[in-house]
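Biologist: I'm new to looking at protein models. Could you walk me through how to read one?

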Amino acid sequence: MNYLSVENISKSFGDRTLFDNISFGINKDQKIAFIAKNGSGKTTIMNIINGFDTPDTGKVVIRKEIKMAFLSQVPNLQDELTVEESIFASDNEVLKVIEAYEKALENPEDEEAYQLAFDRMDQHEAWDFENQFKQILFKLKLEDLKMKVKNMSGGQKKRLSLAIILISRPDLLILDEPTNHLDLEMIEWLESYFAKENITLFMVTHDRFFLERVCNEIIELDNGKLYQYKGNYSYYLEKKEMRIASENASVDKAQNLFVKELAWMRRQPKARTTKSKSRQDDFYVIKEKAESRRRENQVELEINMERMGSKIIELHKLYKKFNDKVILENFSFDFQRGERIGIIGKNGTGKSTFLNILTGVTPPDAGKVVVGDTIKIGYYTQSGINPKPQQKVIDIVKEYGEFIPLTKGKIISASQLLERFLFDNKKQYDFVEKLSGGELKRLYLCTVLIQNPNFLILDEPTNDLDIVTLNVLESFLLDYPGCLLVVSHDRYFMDKIVDHLFVFRGQGEIEDFPGNYSDFRAYEDSADVQQKEDNKTEKKAWKQNNPTGNLTFNEEKEFKKIEKEIKDLEFDKAKIEQLFSDGKVSDSDIESKALELQTVIKKIESKEERWFELSAKFEG
């Protein structure tokens, strides 16, 4: 079933044509990724599909009964609403039933209203749905349902917007960089959710693990033309390489023919016959084809980096805390030449603070950082650059350096570096204010690299970069001979670039893991599997040792209710435990929170005991 069709759309800005006469469709159960370079029209196409922009020609046709939801880069939320109110503002009927039930729970003395709400939950089969949406909120760290939107950070607003559209269960979900502002745990949960759910997706993402594990089709906008690949990211890479090889072979043939036709053109007299005029017209077609070879940006640089002495950077018993939250506790480390370290951990565990301490932006509470005399740090932060009005791209980079020295006396100029990072000669003389968000990040990266640091620190360098730029950056970093320290949620990028990890566990605990991200994930998963196997053994033993029977009508209703209550209590328990885990419980509240946790655990045990009794009868 076709949900949406893009039919022959075109868009230009002034004399610049972004795309011309492109068409594609989105069908039920397709999970499509849309890939394009920053600045090539990706966002414009997303806006046209969602009705925020109009094409110069063509149209978008959406099936009438289809419910569509869009996750944009800038959340559209009402400041005065709470998290809970924002969610229930949806027109989803099941959500209205759950909202009424939640209100009935707050007034248990009104038995008639409670029974009505309870029965409607049964009628709409809303129990599992309620549990699922609470799980979504828990996974996206939105446990405080009473928090107002105006008091939320940018990241929290993006996560709330994501939660709302997941909970509303649209027929077609359109996502613009859904993994931005999510930590690794959230990203992996979302990836798993999309992979197993029967949901139709159309998304822009630079997360290549997402593309590999979730998508079953990839659409690429390349030099104004659309290419479709019926497969995941690996399939796309394979078929794209074959396409480019075929295109280049065709260009080679055209170049050989062009040489012959050029010689003929030079020999011809000014007065031509009709036949020679036709051949002349063909010549210009051949010429255009011969000059159309792709210019792939390979970054293979033998950088003549400044010499590094024996002392790189030493960290001596660093300690840092904010209020009751410990970031570093007696952390020591001695960096070695060529060290390539990735930093991972949940949001709020202190990764960026650690980088700021390392670079002298933030002082530690105790301990010291000793930087070797020969060390030149390049620090790419999340804050970006602040260009002056009417400043050109090339001028921004030249402020920081004119060239990077290479081996054998060669150099790479500021202009050549920009070209390698996908700024062609014309783009280099554009005003900076004309650049897209991704292009600004790319330009900022060039300002850091042109300084030729021998210790490079990158804080979320892949955010807002397209896949083409990521490949260029990875090629550069693989050739980079200095020390590298990277914070990133991009698992594919980390696997390719780093040798070992600093894992920020929270409350000052930092684990030095010997391997890349996939190695770490496999290690963590093996521990989880063992725990699950132990739980299965316990459940099997319980089943073998319990009598069976039949449930009465009232017992069946009680059984359903207890299942729901246990799920709610487990959710409450997980929330309190997470507060302790994240260090968000103040000294004055520790005792009361511990008692609250103990009460919840006792309630769970009591409910589970009754559930076991009813379950034994139910299975009989």
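Modeller: Sure! Let's begin with helix H11, residues 351-358: 6 of its 8 residues are buried, so the helix is largely enclosed by the rest of the structure. Keep in mind that this is a predicted model.

Biologist: Which residues of H11 are buried?

Modeller: They are Lys351, Thr353, Phe354, Leu355, Ile357 and Leu358. "Buried" here means under 20% relative accessible area. Just after H11 you meet glycine 360, which has a positive phi of about 85 degrees.

Biologist: Now strands. What should I know about their side chains in general?

Modeller: Along a regular strand, side chains alternate between the two faces of the sheet. Now look at S10, residues 313-322, in this model. S10 runs antiparallel to S13, residues 366-371, and 5 bridges join the two. S10 also runs antiparallel to S11, residues 325-334, with 6 bridges between them.

Biologist: Which residue in S13 is the bridge partner of tyrosine 319?

Modeller: That's alanine 366. On the S11 pairing, leucine 318 stands opposite phenylalanine 331.

Biologist: How many residues sit between S10 and S11 in their hairpin?

Modeller: There are 2 residues between them. Asparagine 323, in the turn, has a positive phi of about 55 degrees.

Biologist: And what follows S13?

Modeller: A loop leads from S13 to strand S14, residues 377-380, and isoleucine 375 lies in that loop. Isoleucine 375 counts as buried because its relative accessible area is 12%. Try finding lysine 311 too: along the chain it is 64 residues from isoleucine 375, but their C-alpha atoms are separated by 8.5 Å.

Biologist: Let's do charges. What can side chains of opposite charge do when their charged atoms come close?

Modeller: They can pair up. In this model the count comes to 30 salt bridges. One of them joins glutamate 65 to arginine 63, at 2.9 Å from N to O. Glutamate 65 is exposed, with a relative accessible area of 54%, while arginine 63 is partly exposed at 34%.

Biologist: Can you show me another one? Are aspartate 430 and lysine 434, which also meet in a salt bridge, buried or exposed?

Modeller: One of each! Aspartate 430 is buried, since its relative accessible area is 12%. Lysine 434 is exposed, at 56%. Their side chains meet at 3.8 Å, N to O.

Biologist: How far apart are the closest N and O atoms of glutamate 511 and arginine 505?

Modeller: Those atoms are 2.6 Å apart, and the two residues form a salt bridge. Glutamate 511 is partly exposed at 24% relative accessibility, and arginine 505 is partly exposed as well, at 31%.

Biologist: Which residues are linked in a network of salt bridges?

Modeller: Look for Glu191, Asp207, Arg213 and Arg491, which are linked in such a network.

Biologist: Last one: which residues gather in a patch of negative charge on the surface?

Modeller: Glu109, Asp110, Glu111 and Glu112 make up that patch. To place it, find the loop between helix H3, residues 93-106, and helix H4, residues 111-123: aspartate 110 lies there. Why does aspartate 110 count as partly exposed? Because its relative accessible area is 39%, and partly exposed covers values between the 20% and 50% cut-offs.

Definitions and conventions: Residues are numbered from 1 along each chain as its sequence is written. This is a predicted model: local features need pLDDT of at least 70, side-chain atom pairs count only at pLDDT 80 or more; totals for chains, interfaces and linings use all residues. Side-chain values use heavy atoms; hydrogens and water are left out. Patches are made of residues with over 30% relative accessible area and no salt bridge: like charges are joined within 9 Å, nonpolar side chains (Val, Leu, Ile, Met, Phe, Trp, Tyr) within 5 Å. Accessible areas come from the Shrake-Rupley method with a 1.4 Å probe; for residues, only the protein chains shown count as cover. A salt bridge is a side-chain nitrogen of Lys or Arg within 4 Å of a carboxyl oxygen of Asp or Glu. Lys and Arg count as positive and Asp and Glu as negative; His and the chain ends are not counted. The place of a charge is taken as NZ of Lys, CZ of Arg, CG of Asp or CD of Glu. Helices (H or I, at least four residues) and strands (E, at least two) are DSSP runs, numbered from the N terminus. Buried means under 20% relative accessible area, exposed over 50%, partly exposed in between (1.4 Å probe, protein chains only). Two strands pair if DSSP finds at least two bridges between them.
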